[in-house]
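Grab a coffee and work through these exercises with the model open beside you. Try each task before you read its solution.

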Amino acid sequence: MNIRQLFRSRRRTAIAPEPYVYDTITLTVTDGLEVLRADGSTWDPCKGTHECRTLAQLLNCVVWESLASIPPAPQFEPHIAPTRIVLPGVESVVAVFYGPDEDFPSGRTLDESGRPVCWRALAEAAGAPAADAAESIGCPSCQHPPPATTAPVIPAQPPAPAWEQDGHFQVGDTVQIPPADPFPAKVVWVEGDRVGIVTNPANGAQANASREHLRHVTGCAPCTADAAAQDDAEGERERTYWEQWPAEHRELHDAVMEDMQLTAGSVPNLSVCGHPSNHTRYKFGPNTPVREWMRTEFDGHMVASESPSLALGRIWDPIDWLRIEREHGDDGLTITVPWETTTWPTVRSAYALAREAGLDVVLDVDLEMDPLDDGTVGVDVIPTLMLVKGVVPDEVEEQINAILGRTPESYPHSRVLRPSYPDRPGIDYSAPYKHDTDDQTMWFWAG
């Protein structure tokens, strides 16, 4: 948030029909030449256009950028912004920033008694050399001549890339979202910088994307060149990423995955969106050295994992993880929730409660390969979410919320309203969600 947004986000209190007075904020200048807001966040008054090397230079930017953020009186009511300035080694000062008006076209800064604030004197009191203060600071109310650094020259901005320019995308264009997007989409509408695309030709599903993320698949040199560059960069990142695992583990994982087999009745993954298909289930191949109990428990339940890791698969079927942990917890099985948001004992308690309440509950888990010392392959089970199919009684939902410390995600639910997205033509999201057989409630903690 820049200082203009910061000022405009404050609660304004009308002390008379006009002017408006903002609440007082505090800006602290540190010895390391950072400007801190009261909430501890930093603010860069220089906006990255130049570097302030001294306290006086930084204070000058604070003053003039603060004034520039206040709307001018000829266009709006006069605005007054009190700001407490804290400098190293001196008592804080409350400066009242007045927006520009006819008499003071650049605005002015007064103290609480109405006298002009001399920012040069304040900088010197904080230890800035007098010569540096005189050279660097132009006081808006003391009428010192403004220094050259008051209005730094901002280099001209290059033109926006082709894909961000109006008219670049047209209905009927074939586009992608790089890097490495294997599913081209068709443009079906364009509204400003939003572009509607058909993401699933099989069912006509639509999404809308910002044009800055889209690139033409063919026929546009700027788009194809940038997409290729993104693909190359992503490939390099992926190579670096996979090197976090030892080469022998990666080779073992490749061998296990090559040995995977489709179960009877399954078909190859036909999902056009890139996600696992519910019609595809796998089993461990005959040459994979997994523990035998893993074949018994997991064969026929595994779908393809989307985890960028040494994952064996993903399971979202309703199997009994409490029993599996009891029976195999000391035989090549660990269950881990690696995120700081919760722990496996917490998830286990919520999962057990849902099962005891007779709910149709599943854990969506990834199966991470765990090479064991005896040469066999164990598994680290990582639950990412808990999903209940059917309506959850209020009292049970409240107990699960209390255990997990979170409420369900916005998944289709009988008591959730579909939000309205007016920028998606042809789809009405304003109607209440109606309960149906696919009603589900999801608690999500991954990430």
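**Exercise 1.** What pLDDT does the protein chain average, and what share of the residues score at least 70?

*Solution.* Start with the score: pLDDT is the predictor's confidence in each residue, from 0 to 100. The protein chain averages 80, and 79% of the residues score at least 70. Next, look for weak stretches. Over residues 1-18 the pLDDT is below 50, though this stretch still has 44 contacts beyond near neighbours in sequence (contact means heavy atoms within 4.5 Å). Residues 270-274 also stay under 50, with 9 contacts beyond four places in sequence. Where pLDDT is low, don't read the predicted coordinates in detail.

Some ground rules: this is a predicted model, local features need pLDDT of at least 70, side-chain atom pairs count only at pLDDT 80 or more, and totals for chains, interfaces and linings use all residues. Residues are numbered from 1 along each chain as its sequence is written, and side-chain values use heavy atoms, with hydrogens and water left out.

**Exercise 2.** Describe how helix 8 packs with helix 9.

*Solution.* Find the helices first: helix 8 covers residues 321-328 and helix 9 covers residues 344-356 (helices are DSSP runs of H or I, at least four residues, and strands are runs of E, at least two, numbered from the N terminus). Their axes are 10 Å apart, at an angle of about 125 degrees (axes are lines fitted to C-alpha atoms, for helices over the stretch in contact, and angles run from 0 to 180 degrees between N-to-C directions). That makes helix 8 and helix 9 oblique to each other (under 35 degrees is roughly parallel, over 145 roughly antiparallel, 65 to 115 roughly perpendicular, the rest oblique). Now the side that touches: W321, L322 and E325 of helix 8 meet W344, R348, Y351, A352 and R355 of helix 9.

**Exercise 3.** Why is there no bond between C223 and C220?

*Solution.* Apply the rule: a disulfide is a pair of cysteine sulfur atoms within 2.5 Å. The sulfur of C223 has its closest cysteine sulfur in C220, 3.6 Å away, so that's too far for a bond. The disulfide count comes to 0.

**Exercise 4.** Is T342 buried or exposed?

*Solution.* Place T342 first: it sits in the loop between strand 17 (333-335) and helix 9. Its relative accessibility is 9%, so T342 counts as buried (buried means under 20% relative accessible area, exposed over 50%, partly exposed in between, with a 1.4 Å probe and protein chains only). Leaving out residues up to four places away in sequence, T342 touches V337, V347, R406 and W445.
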